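Please study the sequence and the structure shown below before reading further. The paragraphs that follow lead from one helix to its surroundings and then to the chain as a whole.

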Amino acid sequence: MVRDVNLYVTVPNLFRCPISLDVMKSPVSLCTGVTYDRTSIQRWLDSGNNTCPATMQVLNSKEFVPNRTLQRLIQIWSDSVQTQNDLRVDSVAHSVVTEEEVEVLVKEMRAQKEKVDHLSKFICFAKESEENCEFLAKFDGFVEMLVGFLDGDKDIDFLERVVRVFAMILNKVGDYKALRLLILKQNNDGSHDCLSSLLLVLKQGRSVNSRVGVIKIIEAITLDAESKQMLSEKEGFLFELVKLISLEKDPSLIEASLSCLAAISLSKRVKIKLINLKIIAELRKLLTGGQNASVSIIEKALKLLEMVSSFREGRAEFCNDAACVEAVMNKVLKVSSEATEHAVMILWSACYLFRDRAAQDAVVKSNGLTKILLLMQSNCSPGVRQMSGDLLKIFRVNSKSDYCLSSYVTKTTHIMPF
């Protein structure tokens, strides 16, 4: 049994790592078919062991593969546990139905009374309607009170509830400039306790909703170059966002993280940090993740890849990753018009604008010329058509064999436009 505040939950044995006996965060399977948590089995193998811990069978290979099915089952189970806890939390708030009662609760919270239970009541109140969310957002001093809680308390359960309330009323706050000043305010020692609290929820939060809420709050206050720089320089922040775009994470977390990374990654300094955090490899995994990635995730991944490959270091990293170039080429005409536009811009920049031969070879290897010809016959935008034409020109000029362009043209001349 594990304890979750006042809720006790039985953990299915299938979800426990045979080594640590904890619920697996990243289940992976050995060649023996036994599944372990990635961290535990990696530590076992790094210690020089060449056997399966559960069966003691000698391993023919030390490679392991992610167990996506079990990962999804654990996520479903975890979400159901969180829902049960939310229902228990909300049950104490069923009587909060009027604005007058909310005013009393705010006064009591300012007097440091029953903070946790009152936050639960605010959550219940905000759930009832958009009007209630707006009432809380416009209530004199309510947003400042929430920021004050972020600035002081470090209890993860309490912080998650603060973030949850914040996320529910965020669209009604209106004045994001004032919110930015509140959250990014420096203490006398130069620290930013609000950011530290948000980062703590991002790292340790048990609820997907609370972590997504943190990301939405951060994105809302990235209004200028100064705030973007301050956020990117917060130790561990970019690292956590990059970690959250792993395919093993919840899709809503992946999408929110991609959107936030794109919002703060305008400067070269931030892009270099992302390259050092292996963002190109993570984006490649998303693009080659099959049905695990939604259309929106693919679009956002390509947009971010376009941004980080727009300068020398990022472009070099991208062009040297042939699998990533092929993955981008494979998304042309297969996802959406927006995804196609981002993909073509990435390829045009690498292959035409900067004449990178490695990228050109990867495009040809992935049957890219046929795709480009089909794209020119489709109902694409004028800009995409122009870039496609430029790509064909550079392949014709640079290839000794003309990349067999004439044969591709012959094969595709009778294809009807989309």
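Which residues are buried in helix H14 (residues 268-276)? In this predicted model, the buried residues of H14 are Val270, Lys271, Leu274 and Ile275. These four lie on the same side of H14, because they cover an arc of only 140° around the axis. The spacing of such residues follows a general rule: an α-helix has 3.6 residues a turn, so residues three or four places apart point the same way.

What do the buried residues of H14 pack against? Their partners are six helices: H11 (225-232), H12 (237-243), H13 (251-264), H15 (279-287), H16 (295-308) and H17 (312-319). After H14 comes lysine 278, with a positive phi near 65°.

The loop between H13 and H14 contains leucine 266. Is this leucine 266 buried or exposed? Leucine 266 counts as exposed because its relative accessibility is 55%, and the cut-off for an exposed residue is over 50%. Leucine 266 nevertheless has contacts beyond its neighbours within four places in sequence, namely with Lys228, Lys271 and Met307. Lys271 is also one of the buried residues of H14. Lysine 228 is 38 residues away from leucine 266 along the chain, yet their C-alpha atoms are separated by 8.4 Å.

Two further residues deserve attention for their backbone angles. Most residues other than glycine have a negative phi. Leucine 21, however, has a positive phi near 65°. Leucine 21 is found in the loop between strand S2 (7-9) and strand S3 (27-29), and it counts as exposed because its relative accessibility is 51%. Methionine 56 likewise has a positive phi, near 60°. The loop that holds methionine 56 runs between helix H1 (38-46) and strand S5 (65-66). With a relative accessible area of 51%, methionine 56 is exposed as well.

The next topic is the empty space in the model. How many cavities of 30 Å³ or more does a search of the whole structure find? The search finds three. The second largest cavity holds about 40 Å³ of space. Its lining consists of Leu195, Leu198, Leu199, Leu202, Val214, Ile218, Leu231, Lys234 and Phe237. Helix H9 (193-204) and H10 each supply at least two of these residues, and the largest share, four residues, comes from H9. By class, the lining of this cavity has eight nonpolar residues, one charged residue and no polar residues.

The second largest pocket contains about 280 Å³ of space. Among the residues that line this pocket are Lys127, Arg164, Met168, Asn171, Ser210, Lys216 and Ser252. Helix H7 (156-173) and helix H10 (208-221) each contribute at least two residues to the pocket lining. Helix H10 is thus a contributor to the pocket and also to the second largest cavity. By class, the pocket lining has five polar, four nonpolar and three charged residues.

Finally, the chain may be viewed as a whole. Its secondary structure comprises 23 helices and five strands. Of its 418 residues, 49% are buried. Among contacts with a separation of 6 or more, 65% are between residues 24 or more positions apart. The chain exposes about 20500 Å², and carbon and sulfur atoms supply 52% of that area.

How values were computed
Residues are numbered from 1 along each chain as its sequence is written. This is a predicted model: local features need pLDDT of at least 70, side-chain atom pairs count only at pLDDT 80 or more; totals for chains, interfaces and linings use all residues. Side-chain values use heavy atoms; hydrogens and water are left out. On a 1 Å grid over the protein atoms alone, a cavity is a set of points where a 1.4 Å probe fits but cannot get out, and a pocket is an open set with protein on both sides within 12 Å along at least five of seven lines; lining residues have an atom within 4 Å of a point. Grid points are joined across faces, edges and corners, and a volume is the space filled by probe spheres set on the points. Ala, Val, Leu, Ile, Met, Phe, Trp, Tyr, Cys and Pro count as nonpolar, Asp, Glu, Lys and Arg as charged, and the others, Gly among them, as polar. Buried means under 20% relative accessible area, exposed over 50%, partly exposed in between (1.4 Å probe, protein chains only). Contact means heavy atoms within 4.5 Å. Accessible areas come from the Shrake-Rupley method with a 1.4 Å probe; for residues, only the protein chains shown count as cover. The arc is that of the directions from the helix axis to the C-beta atoms.
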